[in-house]
Amino acid sequence: YSGNSSTSSTFFAEYSDSNNFTMWNIKDSSQVLQIFGYDGGSYEYNLITNRKFRDTNAWYHIVVAFDSTQSTASDRIKIYVNGVQETSFSTATYPSQNLQPRIANGNRTQFVGAGSASGNYWDGSMSHVHYSSGYAYAASTFGSTDSTTGEWKINTSPSVTYGGQGFFILKDGNSVTDQSGESHNLTVGGGTLTKTEDCPSNVF
């Protein structure tokens, strides 16, 4: 992530219209993480971290676990950054119990690296993008802390059930062919995906 965007830099989204969309992003020049769903002109859920994401020389590993069946509101969305759960938010609006989020509706187009077909593009690199439909996993499924260095290291081949809409793309490369075995291949909406040798499992 370059940290230079004046608009929100989105890593995962779905979009129907200006009153009905979902965006998971680094929020404009404030550089905070925002996870929200907007339905019928109001928020289904909205979490904004106090933490700012300013280190442009490192990879961030982000896990969003959504499980609206939980009885405790704050357990319905859990956000992990480099294996540690975020608990400090400037805004924390949690989904109602048993809410099916817009992003889980298979009839809606999902975007990786954009907020819609024409804006809020991701300003940075992405790698190892997993979407598990119908299952919520903790960060420990996707990585672990190195006992020698204390650094968070990704699990390049996690044991994950991807569900009816799930996928795994950008596995240390620029391919949007689904690596999950579910054959949910994505298409590049515009421009060219460029492969870089600097990736989460091979950091320069």
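Me: Buried means under 20% relative accessible area, exposed means over 50%, and partly exposed lies in between (1.4 Å probe, protein chains only). Why is D39 called partly exposed?

Reply: The relative accessible area of D39 is 31%, so D39 belongs in the class between the two limits. This is a predicted model, in which local features need pLDDT of at least 70 and side-chain atom pairs count only at pLDDT 80 or more, while totals for chains, interfaces and linings use all residues. Residues are numbered from 1 along each chain as its sequence is written, and side-chain values use heavy atoms, with hydrogens and water left out.

Me: What makes D39 and R102 a salt bridge?

Reply: The term asks for a side-chain nitrogen of Lys or Arg within 4 Å of a carboxyl oxygen of Asp or Glu. In this pair the closest N and O atoms are 2.9 Å apart, so the condition is met. The two residues come from distant parts of the chain, 63 residues apart: D39 is in strand β3 (residues 32–39), and R102 is in the loop between β8 and β9. R102 has 3% relative accessibility and therefore counts as buried.

Me: Which residues do salt bridges with shared partners join into one network?

Reply: The network consists of E14, D39 and R102. A search of the whole structure gives 5 salt bridges.

Me: How do you know that K27 and D28 form a salt bridge?

Reply: Their side chains meet at 3.7 Å, N to O, so the pair passes the distance limit. K27 has a relative accessible area of 26% and is therefore partly exposed. D28, at 21% relative accessibility, also counts as partly exposed.

Me: What makes K153 and D146 a salt bridge?

Reply: The closest N and O atoms of K153 and D146 are 3.6 Å apart, so this pair qualifies too. K153 is partly exposed because its relative accessible area is 46%.

Me: What is notable about the phi of N98?

Reply: N98 has a positive phi of about 70° although it is not a glycine. Most residues other than glycine have a negative phi. N98 sits in the loop between β8 (89–93) and β9 (110–112). Its relative accessible area is 54%, so N98 is exposed.

Me: Where is N82, and what is its phi?

Reply: N82 lies in the loop between β6 (77–81) and β7 (84–85). The phi of N82 is positive, about 50°, and N82 is not a glycine. With a relative accessible area of 26%, N82 is partly exposed.

Me: How many helices and strands does the protein have?

Reply: There are 0 helices and 13 strands. Helices (H or I, at least four residues) and strands (E, at least two) are DSSP runs, numbered from the N terminus.

Me: How do you know that the radius of gyration agrees with a compact globule?

Reply: The rule, over C-alpha atoms, is 2.2 Å times the number of residues to the power 0.38. For 204 residues this puts a compact globule near 17 Å, and the protein has 16 Å, which agrees. The C-alpha trace spans about 45 × 35 × 35 Å along its principal axes. Of the 204 residues, 41% count as buried.
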